[in-house]
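Here is a short briefing to read alongside the coordinates. Have the viewer open, and let's go through the charged pairs and then a sheet.

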Amino acid sequence: VQLQASGGGLVQAGGSLRLSCAASGSIFSINDMVWYRQAPGKQRELVAAITIVGSANYADSVKGRFTISRDSAKSTVYLQMNSLKPEDTAVYYCNADLWVVGTGKMNYWGKGTQVTVSS
């Protein structure tokens, strides 16, 4: 069982990126799915979260620019990032509570994906 994040890269300010995070393994359900980020020298912070029924919430710093969504059939959460700013530069991590066959609910972190926004 794992979460695999992808989609990071280098983009100019004002540009867009779309991050994906797919859960794989013996999973029969996924609760909240969350994106965090951690910039150099800073604490990890919540960026956006989406519940199992699709309700989303965002950090104030990304409201109106980022959109979180999920595809339950693909066990995947997305983060569409528009109007990127240099201060969005960070390693982005996905996190989710996964219901694992034979184990129950467990919290997983994906490996981070680097997002770099140049000015």
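Are Asp-88 and Arg-37 buried or exposed? Both residues of this pair are buried. Please keep in mind that this is a predicted model. The salt bridges come to a count of 4, and the points below follow some of them before turning to a sheet of 4 strands.

**Salt bridges around Arg-37**

- Arg-37 and Asp-88 form a salt bridge, and their closest N and O atoms are 2.9 Å apart.
- Asp-88 sits in the loop between strand S8 (76-81) and strand S9 (90-100), while Arg-37 belongs to strand S4 (residues 27-38), so this pair ties together parts that are 51 residues apart in sequence.
- Arg-37 also forms a salt bridge with Glu-45, where the closest N and O atoms lie 2.6 Å apart.
- The relative accessible area of Arg-37 is 6%; because buried means under 20%, Arg-37 counts as buried.
- Glu-45 has a relative accessible area of 35%, so with the limits for partly exposed set between 20% and 50%, Glu-45 is partly exposed.

**Arg-65 and the network**

- Asp-88 has a salt bridge with Arg-65 as well, with 2.7 Å between the closest N and O atoms.
- Arg-65 is found in the loop between strand S6 (56-58) and strand S7 (66-71), and Asp-88 in the loop between S8 and S9, so the pair ties together parts that are 23 residues apart in sequence.
- Arg-65 is buried, as is Asp-88.
- Through shared partners, the salt bridges join Arg-37, Glu-45, Arg-65 and Asp-88 into one network.

**The open sheet**

- In general, the strands of a sheet pair through backbone hydrogen bonds, in a parallel or an antiparallel way.
- Here, 4 strands make an open sheet with the order S1-S3-S8-S7, and their pairing is antiparallel.
- Strand S1 (2-6) and S7 stand at the edges with a single partner strand each, so one side of each has no neighbour in the sheet.
- On average, neighbouring strands of this sheet are turned by 15 degrees against each other, with direction ignored.

**The S7 and S8 pairing**

- S7 and S8 run antiparallel and are joined by 6 bridges.
- Which residue in S8 is the bridge partner of Asp-71? That partner is Thr-76.

Notes: Residues numbered from 1 in each chain as written. Predicted model: local features only at pLDDT ≥ 70, side-chain atom pairs only at ≥ 80, totals over all residues. Heavy atoms only, no water. Salt bridge = Lys/Arg side-chain N within 4 Å of Asp/Glu carboxyl O. Buried < 20%, exposed > 50% of the residue type's maximum accessible area, 1.4 Å probe, protein only. Helix = DSSP H or I, 4+ residues; strand = E, 2+ residues; numbered from the N terminus. Pairing = 2+ DSSP bridges. Axes fitted to C-alpha atoms, helices over the stretch in contact; angles between N-to-C directions.
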